[in-house]
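Here are a few short exercises to work through with the structure open beside you. Try each one yourself before reading its solution.

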Amino acid sequence: MQIYLPIAEVSVNAFLLLGLGGMVGVLSGMFGVGGGFLMTPLLFFIGIPPAVAVATEANQIVASSFSGVLAHFRRRTVDIKMGLVLQAGGLMGAALGVVVFNYLKALGQVDLLVKLCYVVFLGVVGALMFIESLNAIRKARKTGGASAARRQRSWVHALPFKMRFRTSGLYISVIPPILVGICVGILAAIMGVGGGFIMVPAMIYILGMPTKVVVGTSLFQIILVTGFTTMLHATTNYTVDIVLAVLLLVGGVIGAQIGTRIGVYLKAEQLRILLALMVIAVCGKLALDLLLQPSELFSLGDAGGH
């Protein structure tokens with residue numbers, strides 16, 4: 001069933017979009033990521049212009065993350081106080097990111113730079129996460145499954161403006177969470193991602209949060225930041241395709257509930273290594289598309305495009 005997307009100006013199979021939304025929703029519920037790191041490149045692959053894919057995917061992330069976080073609220077695995085601090089930084093980062101995105105769009109280089117950002121970030125994060133997950137699995141086997149204790153003191157604890165986060169059992173400075181939030185907000189605006197693939201490792205290894213509250217808190221933070229990003233893109237760039245967004249939303253909401261239930265049965269190290277493998281696979285496909293000569297060397301674009 002082909003459906004025409006008015007802003008993207010292409011026709012796409014509606015069931016394909018529902019399926020993609022559902023698949024990414026499952027990942028959102030399992031890993032605590034918005035799923036944009038996977039969905040946005042998939043939209044590139046099926047012919048959606050990168051500018052439209054970035055802006056519209058931010059909208060889909062809101063729904064899948066909201067659906068996923070409801071299940072975590074019921075389990076009380078969301079640190080609301082930490083989430084609000086991360087959101088404060090995220091809103092600042094999103095505003096800055098949209099300014100950068102608009103500047104790149106005016107230069108006509110936004111498509112190339114968005115794809116390059118994906119290759120670099122996904123490659124680095126995927127490789128680091130994969131190596132760390134393998135090491136964690138080896139340590140767990142050597143210690144008979146007992147998890148290693150988190151470091152009690154680090155540079156994070158030496159910073160001023162400390163705040164107590166009771167759900168996470170932390171007493172740390174608010175500066176690192178705000179900086180992490182700003183970075184994720186910039187990524188949300190430029191790459192159309194919730195930033196979970198950066199946020200989840202940062203919350204575990206930099207902030208020292210327990211794995212059981214990381215997923216829910218990450219989803220909680222993603223909701224407001226990506227919602228704000230969508231609004232900015234819709235009012236400044238006019239690149240949010242509502243038809244595309246609705247189809248992705250329906251699939252994403254259903255998939256997130258399924259993913260949350262699946263995630264309960266997997267260990268933290270297994271979740272991280274699966275996520276790392278997916279990140280590396282998407283990075284490889286994007287890199288190949290940039291390096292290999294396309295079948296059609298010329299394409300028609302808008303007046304302001306490249």
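**Exercise 1.** Which residue just after helix 8 takes a positive phi?

*Solution.* Keep in mind that this is a predicted model. Start with helix 8, which covers residues 211-236. Move just past this helix and you reach Tyr238, with a positive phi of about 55 degrees.

**Exercise 2.** How far apart are the end C-alpha atoms of helix 8, and what span should its residues give?

*Solution.* Helix 8 has 26 residues, and at 1.5 Å a residue they should span 38 Å, where the span counts one less than the number of residues. The end C-alpha atoms are 37 Å apart, which agrees.

**Exercise 3.** Is Ile242 buried or exposed?

*Solution.* First place the residue: Ile242 lies in helix 9, residues 242-263. Next, take its relative accessibility, 55%. The cut-off for exposed is over 50%, so Ile242 counts as exposed. Finally, look at its partners: Ile242 joins Val246, Val250, Ile254, Ile258 and Ile262 in a nonpolar surface patch of about 510 Å². As a reminder, an α-helix has 3.6 residues a turn, so residues three or four places apart point the same way.

**Exercise 4.** Which residues touch the most other members of the largest nonpolar core?

*Solution.* This core holds 59 residues, and the ones sought are Leu17, Leu43, Ile48, Met82, Leu122 and Met209. Helix 5 (residues 110-142) gives the core its largest share, seven residues. Now follow Ile48: beyond its neighbours within four places in sequence, its contacts are Leu5, Ala8, Val10, Val12, Leu43, Ala53 and Leu244.

Notes:
Residues are numbered from 1 along each chain as its sequence is written. This is a predicted model: local features need pLDDT of at least 70, side-chain atom pairs count only at pLDDT 80 or more; totals for chains, interfaces and linings use all residues. Side-chain values use heavy atoms; hydrogens and water are left out. A nonpolar core is a set of buried Ala, Val, Leu, Ile, Met, Phe, Trp, Tyr and Cys residues joined through side-chain atoms within 4.5 Å. Buried means under 20% relative accessible area, exposed over 50%, partly exposed in between (1.4 Å probe, protein chains only). Helices (H or I, at least four residues) and strands (E, at least two) are DSSP runs, numbered from the N terminus. Contact means heavy atoms within 4.5 Å. Patches are made of residues with over 30% relative accessible area and no salt bridge: like charges are joined within 9 Å, nonpolar side chains (Val, Leu, Ile, Met, Phe, Trp, Tyr) within 5 Å. Accessible areas come from the Shrake-Rupley method with a 1.4 Å probe; for residues, only the protein chains shown count as cover. A salt bridge is a side-chain nitrogen of Lys or Arg within 4 Å of a carboxyl oxygen of Asp or Glu.
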